[in-house]
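Visitor: I would like a close look at a single part of this protein, set against the fold around it. Please take me through it slowly, with the atomic details where they can be had.

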Amino acid sequence: MLESMKVTIETDKFSFDGYIHFAQLGKVQRRLSNLLNSEKHFIALTDVTITNRETEKTDNVIHPFIHIRVGAIQFIKPYNEPPLDEETIEALQ
């Protein structure tokens with residue numbers, strides 16, 4: 001059984017919005033950190049829009065499937081993750 005999670009993945013030049021699909025092993029869900037720390041060199045996304053971070057232009061195409069090299073990823077943010085509050089942001093600075 002697969003579980004899907006909508007995410008934003010940012011690299012130095014592009015932002016990718018799409019879905020990562022996880023294999024569900026029993027009742028244990030794979031976490032993003034497990035995916036990033038695995039021996040795989042690429043992460044697959046589906047239903048992806050791509051935004052150029054420099055020009056902020058998004059292509060008008062939804063790409064059905066792409067691979068992103070793990071080494072190029074600066075961060076991954078799940079869509080269901082709540083925004084940080086001001087106190088947390090100040091603590092991170």
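Guide: Read from the start of the sequence to its end, the protein runs β-β-α-β-β-β-α, which amounts to two helices and five strands. The model is a predicted one, with an average pLDDT of 82 and 80% of the residues scoring at least 70. Confidence is highest in β4, at 95, and lowest in helix α2 (residues 86-92), where the mean is 68.

The part I would choose is the end of β1 and the loop that follows. Thr 11 lies in the loop between β1 (2-10) and β2 (14-23), and yet this residue has a relative accessible area of only 6%, so it counts as buried, the cut-off being under 20%. When neighbours within four places in sequence are left aside, the residues in contact with Thr 11 are Phe 16, Arg 53, Ile 68, Ala 72, Ile 73 and Gln 74.

One of these partners, Arg 53, leads to the charged pair beside the loop. Glu 10 forms a salt bridge with Arg 53, in which the closest N and O atoms are 2.8 Å apart, and the structure holds one salt bridge. The pair links distant parts of the chain, since Glu 10 belongs to strand β1 whereas Arg 53 sits in the loop between β3 (42-52) and β4 (63-69), 43 residues apart. The two ends also differ in exposure: Glu 10, with a relative accessibility of 14%, counts as buried because it falls under 20%, while Arg 53, at 35%, is partly exposed.

Two further partners of Thr 11, Phe 16 and Ile 68, lead into the nonpolar interior. The largest nonpolar core has 16 residues, and those with the most contacts inside it are Ile 9, Phe 16, Ile 20, Ile 43, Leu 45, Ile 68 and Ile 76. At least two residues of this core come from each of β1, β2, α1 (32-37), β3 and β4, with β3 giving the most, four residues. Ile 68 itself, again apart from neighbours within four places in sequence, is in contact with Ile 9, Thr 11, Phe 16, His 41, Phe 42, Ile 43, Leu 45 and Ile 73. In soluble globular proteins, nonpolar side chains tend to be buried together.

For the protein as a whole, 27% of the 93 residues count as buried, and among contacts between residues at least 6 apart in sequence, 55% join residues at least 24 apart.

Key. Residues are numbered from 1 along each chain as its sequence is written. Side-chain values use heavy atoms; hydrogens and water are left out. Buried means under 20% relative accessible area, exposed over 50%, partly exposed in between (1.4 Å probe, protein chains only). Contact means heavy atoms within 4.5 Å. A salt bridge is a side-chain nitrogen of Lys or Arg within 4 Å of a carboxyl oxygen of Asp or Glu. pLDDT is the predictor's confidence in each residue, from 0 to 100. A nonpolar core is a set of buried Ala, Val, Leu, Ile, Met, Phe, Trp, Tyr and Cys residues joined through side-chain atoms within 4.5 Å.
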